[in-house]
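Walk through this structure with the viewer open. The route runs from two unusual backbone spots to the domains, the core, a sheet and the ligand shell.

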Amino acid sequence: MISRMQFMALALLGLASASPNILDSLRGQTITAVLGGLDLTAEAACACKLLLNSYSDMILFPTSANYTAETKLFWDIRSDLSPACIFQPDKADEVADGIKILSGCDAQFAVRGGGHMNYPGSNNIDGGVLITLNKLNSYKVENDTIDVGPGMTWYDVYAALDPHGRIAIGGRLKTIGVPGLTLIGGVHYFINKYGFAMDNVVSYDIVLGNGTQVTANDTTNQDLFWALKGGANNFGLVTKFTLKTYSIPLISTTIQTFNESGIYDLVKATCDLASLDDADPIAAGSIITIQYNATTKAASGSILGVQEGISNPPSQFANFSAIPGPIKLNNVTTLKQWGSDKVTPNQMFRVMFSHKTIVPDADRLYSIYQAWRAAVDQIADVQGLYPTFVMNTVAAGAARVGQTNGIGNVWGLKVEPTIWWQFSTGWDLAQDDLRVTAWSRQLTEHLHGINRKLGLARDHIYMGDAGEWQDPFASFPEANVERMRAIRSAYDPSGTFSRLNWGGFKLGF
Ligand SMILES: Cc1cc2nc3c(=O)[nH]c(=O)nc-3n(C[C@H](O)[C@H](O)[C@H](O)COP(=O)(O)OP(=O)(O)OC[C@H]3O[C@@H](n4cnc5c(N)ncnc54)[C@H](O)[C@@H]3O)c2cc1C
């Protein structure tokens with residue numbers, strides 16, 4: 001008796017060896033029978049079959065032993081979808097061949113790096129082909145750069161650089177993927193001095209929609225080089241990032257928590273941190289959050305602060321240290337060591353992000369916190385509710401790097417301090433998806449509307465903090481968006497990375 005897996009493979013082989021005319025006649029139709037219940041288009045069947053032919057040891061089907069484990073390597077439970085097959089290349093040439101197959105079959109596909117983008121469909125797909133990049137994880141440390149494969153996490157990068165006493169500008173937590181974060185901008189602790197992750201990429205190797213491999217840097221394909229600095233997954237699949245590195249062997253860190261009575265002062269200190277703008281800045285940044293428990297009605301705040309060098313306690317966080325609070329832990333360590341326990345486990349929650357930008361104004365930010373807290377009470381019955389208010393400080397220096405480095409980025413941010421405020425809301429059940437999304441969206445838009453009237457709002461929306469209901473591209477300068485669209489037409493004329501790889505934040509048609 002043939003196994004289900006063998007049956008599927010045979011069915012795929014049978015389908016894809018049919019004449020092109022038969023395939024053409026099936027295009028767009030769902031062939032439910034082919035995979036014993038899993039909806040599958042002829043295009044996906046064609047791609048899975050051809051990938052199986054060429055890369056039988058790199059392809060998984062729903063009945064393969066490791067398929068289910070792979071479909072769980074996503075941060076948000078909502079991203080747990082059912083691809084028709086999973087392609088796991090370990091070389092750029094295989095990626096290029098895979099993209100040729102996908103575009104030749106006109107098959108829809110998704111790409112997963114670190115799997116942290118909580119926008120369902122951005123990094124996984126039902127019934128299409130999922131390309132996972134885990135195996136593209138090689139790296140090469142040079143004098144002041146590192147070549148990084150898109151299968152690496154930021155912890156992998158910091159660990160690779162640690163013996164050299166150097167760091168790169170990447171994610172703040174351990175398990176975030178290199179590719180997704182770098183392509184959307186990338187907020188590190190040290191953006192105030194070194195700019196965003198995208199500003200620190202000196203070269204990209206990228207597979208275009210027709211399977212061609214090109215390099216984009218400041219001498220080759222300069223227009224694509226610029227577009228990749230914040231333009232996300234609209235242009236191709238990046239198989240190598242070359243990142244600048246900096247000699248920062250030691251960092252000074254602080255972990256602090258605050259009781260409810262300290263929250264106004266926490267917000268005020270956050271505004272002060274965002275407003276620091278010394279001519280010769282000390283690189284310093286943080287993760288600042290406020291948690292509210294709708295059952296106990298208790299709120300508390302926290303900061304994870306990191307500064308370059310060995311000042312202990314770190315000088316740039318003095319305003320936080322002055323606020324009374326239960327935990328004050330200062331340390332001098334390495335970025336690798338600091339990151340080693342900052343894990344963000346997969347599949348813990350369904351999560352909705354919502355975010356907007358404001359200039360530092362402590363009274364107004366505190367009002368936003370109060371309004372959020374009151375609104376959380378209105379959905380307190382949602383099972384597994386896990387609401388967090390996040391404040392990301394973006395000092396003027398962060399925008400200045402892109403304005404002065406001769407390359408720029410697609411954001412074109414004004415050189416001024418801002419705070420990216422964000423509601424991160426976790427919950428348990430699919431039945432609450434629409435309710436939590438509507439709640440988060442309406443609350444955010446309402447509060448941003450007030451900020452606008454007060455002249456405190458800014459348009460910029462960061463893809464890493466936004467919900468899928470938001471359109472970050474609409475917040476970028478119009479001329480930059482038009483330029484990106486022209487670059488996309490030039491490098492991907494048949495629309496492989498918009499029509500077929502349609503998930504995530506896209507430039508649109
Ligand atoms: C818990 C948590 C913490 C976070 N912390 C930070 C932070 O400190 N700083 C920050 O800036 N952001 C942060 N983010 C946001 C994060 O940067 C984004 O979610 C980012 O997309 C994650 O990258 P990834 O590779 O893990 O994502 P994935 O979900 O794998 O990919 C994101 C998108 O990029 C596409 N993509 C992936 N690889 C490639 C490639 N090689 N070529 C082309 N497209 C590709 C995917 O198809 C997908 O659309 C955080 C998010 C979470 C959930």
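**Backbone exceptions first**

Asn 221 is buried, because 20 other C-beta atoms lie within 10 Å, and 20 or more is the cut-off for that label. Keep in mind that this is a predicted model. The residue sits in the loop between strand 9 (213-217) and helix 9 (222-227). Its backbone stands out. Asn 221 has a positive phi of about 50°, although it is not a glycine. Most residues other than glycine have a negative phi.

Gln 347 is a second case. Here too phi is positive, about 60°, and the residue is not a glycine. Its surroundings are set out by a count: Gln 347 has 15 other C-beta atoms within 10 Å and is partly exposed. Look for Gln 347 in the loop between helix 12 (335-339) and strand 16 (350-358).

A peptide bond deserves a stop as well. Most peptide bonds are trans. The bond from Asn 312 to Pro 313 is cis, with omega near 5°. Pro 313 belongs to the loop that links strand 14 (298-308) and helix 11 (318-321).

Now step back to the whole chain. It is divided into domain 1 (4-132), domain 2 (139-247 + 477-491) and domain 3 (251-474). Domain 2 is thus written as two segments. Where domain 1 and domain 2 meet, the contact takes 13 residues from domain 1 and 18 residues from domain 2. On the domain 1 side, helix 5 (residues 92-105) gives the most, with seven residues. That side divides into six nonpolar, five polar and two charged residues.

Next comes the interior. The largest nonpolar core has 134 residues. Ala 47 and Val 129 have the most contacts inside it. Helix 3 (residues 42-54) supplies the largest share of this core, eight residues. Take Val 129 as a viewpoint. Leaving aside residues up to four places away in sequence, Val 129 touches Ala 44, Ala 47 and Cys 48. Its contacts also include Pro 83, Ala 84, Cys 85 and Phe 87. Leu 102, Ala 107 and Phe 109 are among them too.

Strand 4 (residues 129-132) leads on to a sheet. Four strands form this open sheet in the order 1-2-4-3, with mixed pairing. Which strands stand at the edges? They are strand 1 (59-60) and strand 3. Each has a single partner strand, so one side of each is left without a neighbour in the sheet. Strand 3 pairs with strand 4 in the parallel sense, over four bridges. To find the register, look at Arg 112, which stands opposite Thr 132 in strand 4.

Strand 3 also takes us to the ligand. There, 33 residues surround the ligand. Which of them are the closest? They are Gly 113, Gly 114, Gly 177, Gly 180 and Gly 504. Strand 3 (109-112), helix 7 (178-184) and strand 10 (237-244) each supply at least two residues of the shell. Helix 7 gives the largest share, five residues. By class, the shell has 15 nonpolar, 16 polar and two charged residues. Domain 1 and domain 2 each contribute at least three residues to the shell.

Methods. Residues are numbered from 1 along each chain as its sequence is written. This is a predicted model: local features need pLDDT of at least 70, side-chain atom pairs count only at pLDDT 80 or more; totals for chains, interfaces and linings use all residues. A residue is near a molecule or strand if its C-beta atom, placed from the backbone, lies within 6 Å of it. Ala, Val, Leu, Ile, Met, Phe, Trp, Tyr, Cys and Pro count as nonpolar, Asp, Glu, Lys and Arg as charged, and the others, Gly among them, as polar. Domain bounds come from an automatic or database domain assignment. A nonpolar core is a set of buried Ala, Val, Leu, Ile, Met, Phe, Trp, Tyr and Cys residues joined through C-beta atoms within 7 Å. A residue is buried if 20 or more other C-beta atoms lie within 10 Å of its own, exposed if 12 or fewer, and partly exposed in between; C-beta atoms are placed from the backbone. Two residues are in contact if their C-beta atoms, placed from the backbone, lie within 7 Å. Two strands pair if DSSP finds at least two bridges between them.
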